[in-house]
Amino acid sequence: MKYILPLVVLLLVFSCKDMNISKNTKPLWVGYNDSLEVAANKTHENPRMQYKLIQSKVLDKNDIFLPFQDVVAEISVSDYEKWKPYILEQNIPTIQANIKAGKISYEALVLFYLYRIYKYELNNETTLNTILALNKEVLRQARACDKELVSSPDKARHPIFGMPILLKDNIDTREMNTTAGAIALMENETDDAFIVGRLQERGALILGKVNLSEWAYFLCSGCPVGYSAVGGQTLNPYGRKIFETGGSSAGSGTSVAANYAVAAVGTETSGSILSPSSQNSIVGLKPTVGLLSRSGIVPISSTLDTPGPMTRNVVDNAILLSAMTGKDLSDIKSVDTFKNYTEAVTSASSLEGKRFGAFSDLIATDTIYAATVEQLKAFGATVVVFTPKELGLPGFLSILNIDMKNDLPSYIQQNVKNKNEVNVTSIEDVIRFNQQDSLVRIPYGQALFEGIVADTTSSAELTLIIADLEQKSRAYFDEILEQYHLDAVLSINNYHAGYAAAAKYPALTVPMGYKSTGEPISLTFIAKQFEEDKLLELGAAFEKVTNIRKMPKGYN
């Protein structure tokens with residue numbers, strides 16, 4: 001895969017304001033001077049949003065978009081408008097029903113999303129810098145789904161069949177390189193990750209790969225979330241350059257919010273699904289560690305890492321989760337499950353009689369959270385207000401440091417097929433590689449990578465830290481859950497993601513509202529290990545009575 005764009009082209013001042021998708025437009029995209037945009041953000045109240053650059057210095061979007069140029073150019077506005085009511089913001093069961101009724105096809109579904117991606121990502125005033133690669137085989141695969149439906153219309157299929165899915169670009173795919181947003185891995189060729197294989201076995205269409213915080217936000221300290229050297233700065237559709245995207249699954253969150261696919265897959269170590277889901281007003285589930293395989297995913301921590309579904313609604317979240325499950329013998333923590341997650345959200349779920357724990361400090365400091373607690377009570381739930389004991393997470397960073405020091409070399413050895421083109425095998429190698437061109441490769445530094453090398457925690461010490469934090473974090477939640485017989489604890493966004501991570505407990509975040517500025521905010525449900533079905537049922541009940549999510553203006 002070639003990404004290198006001559007710097008002379010990148011320095012051209014070019015506005016794509018009036019760009020139309022056309023067969024005759026060559027090139028489709030030209031780099032522009034983003035210095036004025038960067039300067040405008042220098043006074044942003046959030047230091048992490050005081051960008052050094054917005055567009056990538058190495059990614060040529062033409063490499064992504066030219067392969068489908070002629071196909072997308074054939075889509076008329078009337079085609080798009082005809083398909084729109086059957087797809088835009090619709091959940092998977094509704095889309096499947098529309099396809100079965102002959103209103104749209106799987107091919108039209110893919111074309112609809114490609115049209116939106118081209119429409120918004122090739123315009124420098126609306127681009128979210130979120131698409132890093134498109135699967136060149138996806139239209140052929142969609143047509144195969146259409147043929148199968150015609151030949152066997154009554155065959156039982158998984159609901160994910162024929163649904164276009166985007167993947168965070170630290171998840172291995174055979175058709176597209178896996179970069180983790182890092183220039184050091186730009187040529188990384190792999191086989192499919194286990195969860196990608198499960199999706200494909202059940203008929204899902206892998207539409208493409210999306211941007212992320214480089215190395216899953218474990219490279220630089222205090223730098224912008226959603227930034228990678230490969231993809232540039234991911235932007236939030238609810239407020240480009242105004243609100244953070246959340247990280248590290250920034251591209252997964254922004255692409256789903258903007259309706260670039262049916263759903264996306266993210267990954268989380270501590271907050272990396274919950275944060276971008278909350279910031280982009282979508283539903284995100286961080287599963288119990290082990291419910292979904294981690295094989296074929298660029299790691300931070302084999303102790304804490306997990307992939308998870310990111311969707312616009314709870315039923316789609318359950319469907320995507322179920323499509324990725326399965327025991328992976330190559331992942332020591334992988335488990336099999338016989339739970340029916342889709343049944344949990346399609347049953348007549350209700351808040352009546354449910355019991356929740358609410359943090360007293362959040363009620364006192366966040367008016368949207370406080371109002372939501374009262375809403376839950378009005379719909380028949382019992383809410384116990386509690387003040388948790390103070391709990392630090394000493395040694396948490398060392399878990400990430402030592403795990404990544406060991407897990408990244410293992411990933412490279414086991415997964416990279418073209419080691420002659422990926423010339424790094426360790427954290428030290430990546431540090432040296434980045435130092436060769438720090439302005440392009442690490443404009444925000446690599447303090448966290450340097451911290452990995454400096455960490456001298458021993459294996460014995462790490463084992464004690466992991467066990468200690470797991471026990472304390474579980475007690476942090478269990479004390480209130482068990483004392484008051486609660487179904488879940490209620491948090492905001494990723495506020496308690498670190499505790500859930502250390503406990504290896506699942507967490508589900510669902511849109512809760514919008515601040516006066518328009519920034520999204522979400523309610524996060526936390527429960528015990530392998531209670532994803534309960535969380536999804538609670539999330540579905542909450543979503544049904546509140547119906548909070550709104551599309552981002554400018555993307556509808």
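Let's start at a helix end. D366 caps the N-terminal end of α16, with a side-chain oxygen 3.1 Å from the backbone nitrogen of I368. Keep in mind that this is a predicted model.

Now the helix itself. α16 covers residues 367-378, which makes 12 residues. From first C-alpha to last, α16 reaches 17 Å. At 1.5 Å a residue, 16 Å is expected, so to speak of the span as close to expectation is fair. Which residues of α16 are buried? They are I368, Y369, A370, T372, V373 and L376. I368 therefore appears twice here: its backbone nitrogen faces the D366 cap, and I368 counts as buried, under 20% relative accessible area. Just after α16 comes G380, with a positive phi of about 100°.

Next, a pair of threonines. T130 sits in the loop between α7, residues 106-121, and β1, residues 131-134. T254 belongs to helix α11, residues 250-257. What joins T130 to T254? A polar contact between their side chains, at 2.9 Å. Buried or exposed, T130? Buried, because its relative accessible area is 0%, and the cut-off is under 20%. T254 is buried too, also with a relative accessible area of 0%.

Look at what packs around them. Beyond four places in sequence, T130 touches E121, K209, V210, N211, T234, G251, T254, S255 and Y260. On the same basis, T254 is in contact with L128, T130, T234, L235, N236, P237, T245 and N280. T234 is in both lists: it touches T130, and it touches T254.

T234 also takes us to a cavity. A search of the whole structure finds four cavities of 30 Å³ or more. The largest cavity has a volume of about 40 Å³. T234 is in its lining, and so is T245. The other lining residues are R48, M49, Y51, P224, V225, Q233, F243 and E244. By class, that lining has five nonpolar, three polar and two charged residues.

On to the pockets. The largest pocket has a volume of about 620 Å³. It is lined by 37 residues. Which of them are closest to its centre? G247, S270, G271, S272 and N494. Several elements supply at least two lining residues each. The helices are α10 (214-217), α12 (274-279), α17 (396-415) and α22 (497-503). The strands are β6 (263-268) and β8 (306-311). The lining divides into 14 nonpolar, 15 polar and eight charged residues.

The second largest pocket holds about 420 Å³ of space. Its lining has 18 residues, with R294, S295, S302, S330 and Q414 nearest the centre. The classes here are four nonpolar, nine polar and five charged.

Last stop, T425. It lies in the loop between α17 and α18, residues 427-435. Which side chain does the T425 side chain join in a polar contact of 2.8 Å? That of D429. Outside four places in sequence, T425 is in contact with P409 and I412. How far is T425 from A503, C-alpha to C-alpha? They are separated by 31 Å, and by 78 residues along the chain.

Conventions: Residues are numbered from 1 along each chain as its sequence is written. This is a predicted model: local features need pLDDT of at least 70, side-chain atom pairs count only at pLDDT 80 or more; totals for chains, interfaces and linings use all residues. Side-chain values use heavy atoms; hydrogens and water are left out. On a 1 Å grid over the protein atoms alone, a cavity is a set of points where a 1.4 Å probe fits but cannot get out, and a pocket is an open set with protein on both sides within 12 Å along at least five of seven lines; lining residues have an atom within 4 Å of a point. Grid points are joined across faces, edges and corners, and a volume is the space filled by probe spheres set on the points. Helices (H or I, at least four residues) and strands (E, at least two) are DSSP runs, numbered from the N terminus. Ala, Val, Leu, Ile, Met, Phe, Trp, Tyr, Cys and Pro count as nonpolar, Asp, Glu, Lys and Arg as charged, and the others, Gly among them, as polar. Buried means under 20% relative accessible area, exposed over 50%, partly exposed in between (1.4 Å probe, protein chains only). A polar contact is a pair of N or O atoms within 3.5 Å; within protein, one must be able to donate a hydrogen and the other to accept it, and residues adjacent in sequence count only if both atoms are side-chain atoms. Contact means heavy atoms within 4.5 Å.
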